[in-house]
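Q: I'm new to this one and would like to go through it with you step by step. Could you start with the terms, and then take my questions as they come?

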Amino acid sequence: MNSFQRCFALLVVALLIHQPSASFAQESTLDVGLRIQKSASFYFENGIAIRYSDSRLFSDKLFLGIGFVSSRLGSALNSNAINQDTFFLSAAWYLRKDKTIRPFGQLNAGYFRADYEEDIFDVLPNTAWFLSPEIGLGYEPNIPLRIAFSVGYNPASGNGESGPGTLYPIFTQMTATWRIINP
Amino acid sequence: MKKLYYLLFLFLLMSACDSTPDISDDFLDGDVVFDASIAQPENYLQSYANPNPSAQDAAKPVFIAIHGYSASTFEWDEFKTFSSNRTDYFISQVLLGGHGMTYDDFKKATWKTWQESIKTEYERLTAAGYSNINFVGSSTGGALLIELLASGYFDGKIAPRHFFLVDPIVVPSSKLLSITPLIGPVLGFTEADNTTQEDRYWYHYRHQETLQELLDVIVRVRKQLEDGITLPTGTTMKVYKSIKDATADPVSAVLIYKGIETSSGGAIDVEMVESDLHVFTRLALRSGIDSKDAANQLRTFNDIVSRGLN
């Protein structure tokens, strides 16, 4: 586990054990769940997503989150696909508070790493820092389940001369989370 | 005013969807310039040059050279020139199906049509008695050869001895290709950045349907590689890949390396080449070629022939 992965794991733990202060606990929320991501004409990369909304900061509108997706949990599961991991922090803005269908925009900032395994491929770029926007729709029924569908764009994708070749620019994703605080 | 904007929008949309480019007679796309192998197959295909080989000739290696998407037999002309004084092997330069003719012929062809002419030459050669078959494929030619292997085409047939893939494409460098089904119908076609001379050997206009075919075949090959492909007994493969390539992402070599094994479970050979050219073995009509490019070409031709003769 490299230093970035250690930092990311610590962030996940910190978010999971965070308890909102008593006076605001009723409106701060924490959702934990699965993220299924598919790049256009390329891999499935699946993983986890956590998002938090604080009562003191645009409650139930602004969601800060962290996520991890990997082809190890998608296309590379029992196949020869390349193992690649993406770690990201996110900030999402949801419209139509208290409605069932909520349009949203999200900005992710993160780190991508592909494992080409053999030394002969060390000449090829396999990592990238990125900023990727998403727009989509959230579905929020009257239970703690939250589902978000979105389309995203990652400008850090490879172009054959720079950037990792297996990082594709257009992706769709579905995140299904369960509200574990303030259900 | 609103109506005017609406009409302007409709006009722009219709212009964008225009799928009939203005084709010059100097382009391969037109109905004047054709690939030379169509009129004179005996100069390009060994099965036409010598359909009744002696036992000695039938045992010599034949390199079936396959060009890439939107290209023509010209892509392997320099290999033919390099080999012009050799009598110990033969070269068959195959023109992919749907290629080398008009824009409309190209537009109508599917990737299976492209692949058909590879099968035809292989079958003509083996039927004529040639037993030492080798394939050399560049770019999409490489992907089409991998597809033949994965789909079991060679099962029960004379196994090719060697596969040599130069800058094979499995992952495109332009990731826009991945959304061709979405934007293609709006674009209609794209234009290649060819020189005037290159326009006689590569299509200038690429209809979006041909780009979708290209996407279809490389996605199919990627999935075949993910499932794993085993070479026939006694067959080897070597991939030569430029480390920078604006057409076939160099990571294609990683996918091929991971996805193909020899019949004994061994790894295939891969050479990452210090080059920024796509199909670095084709130097003719390029500008800015230096001694390193010439050395890469020569070393690769020598390596292909040397391995093919073993």
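A: Let me begin with a definition: on a 1 Å grid over the protein atoms alone, a pocket is an open set of points with protein on both sides within 12 Å along at least five of seven lines, a cavity is a set of points where a 1.4 Å probe fits but cannot get out, and lining residues have an atom within 4 Å of a point. Grid points are joined across faces, edges and corners, and a volume is the space filled by probe spheres set on the points.

Q: And what sort of model is this?

A: This is a predicted model, in which local features need pLDDT of at least 70 and side-chain atom pairs count only at pLDDT 80 or more, while totals for chains, interfaces and linings use all residues. Residues are numbered from 1 along each chain as its sequence is written, chains are lettered from A and ligands numbered from 1 in the order in which they are written, and side-chain values use heavy atoms, with hydrogens and water left out.

Q: OK, how much space lies in the largest pocket?

A: The largest pocket holds about 1,100 Å³ of space. Its lining is made of 38 residues, and those nearest the centre are Ala192(B), Arg206(B), Ala246(B), Thr247(B) and His278(B).

Q: Which elements give two or more residues to that lining?

A: Those elements are α9 (180-187), β5 (189-191) and α10 (208-227) of chain B, where helices (H or I, at least four residues) and strands (E, at least two) are DSSP runs, numbered from the N terminus. The largest share, 3 residues, comes from α9(B).

Q: How does the lining of the largest pocket divide by class?

A: The lining of the largest pocket has 16 nonpolar, 13 polar and 9 charged residues; here Ala, Val, Leu, Ile, Met, Phe, Trp, Tyr, Cys and Pro count as nonpolar, Asp, Glu, Lys and Arg as charged, and the others, Gly among them, as polar.

Q: Switching to cavities, how many of 30 Å³ or more does a search find?

A: A search of the whole structure finds 5 of them, and the largest has a volume of about 220 Å³. It is lined by 22 residues, and Ala49(A), Arg51(A), Tyr94(A), Gln106(A) and Thr175(A) are the closest to its centre. Several strands of chain A each supply at least two residues of this lining, among them β2 (44-53), β3 (62-70) and β8 (170-181).

Q: What about the second largest cavity, what is its volume?

A: The second largest cavity has a volume of about 150 Å³, and of its 17 lining residues, Gln37(A), Thr86(A), Asn154(A), Leu167(A) and Phe171(A) are the closest to the centre. By class, that lining has 6 nonpolar, 8 polar and 3 charged residues.

Q: What does the secondary structure of chain A come to?

A: Chain A has 1 helix and 8 strands, and from the N terminus on its elements run α-β-β-β-β-β-β-β-β. Of its 183 residues, 50% count as buried, a word that stands for under 20% relative accessible area, with exposed over 50% and partly exposed in between (1.4 Å probe, protein chains only).

Q: Now helices: which residues are buried in α7(B)?

A: Among the buried residues of α7(B) are Trp111(B), Trp114(B), Ile118(B), Tyr122(B) and Leu125(B). The buried residues cover an arc of only 160° around the axis, which puts them on the same side of α7(B); the arc is that of the directions from the helix axis to the C-beta atoms. On the other side of α7(B), Lys112(B) and Ala127(B) are exposed.

Q: Last topic, how many aromatic pairs are there over all chains?

A: The search finds 31 aromatic pairs over all chains, where rings of Phe, Tyr and Trp (its six-membered ring) pair if their centres lie within 6.5 Å, and planes under 30 degrees apart count as stacked, over 60 as edge-to-face and the rest as tilted. The rings of Phe63(B) and Phe79(B) have centres 5.9 Å apart and planes at 80°, so this pair is edge-to-face. Phe63(B) is in strand β1 (residues 62-66) of chain B and Phe79(B) in helix α5 (residues 77-82) of chain B, 16 residues apart.

Q: Is Phe79(B) buried or exposed?

A: Phe79(B) is buried, with a relative accessible area of 0%.
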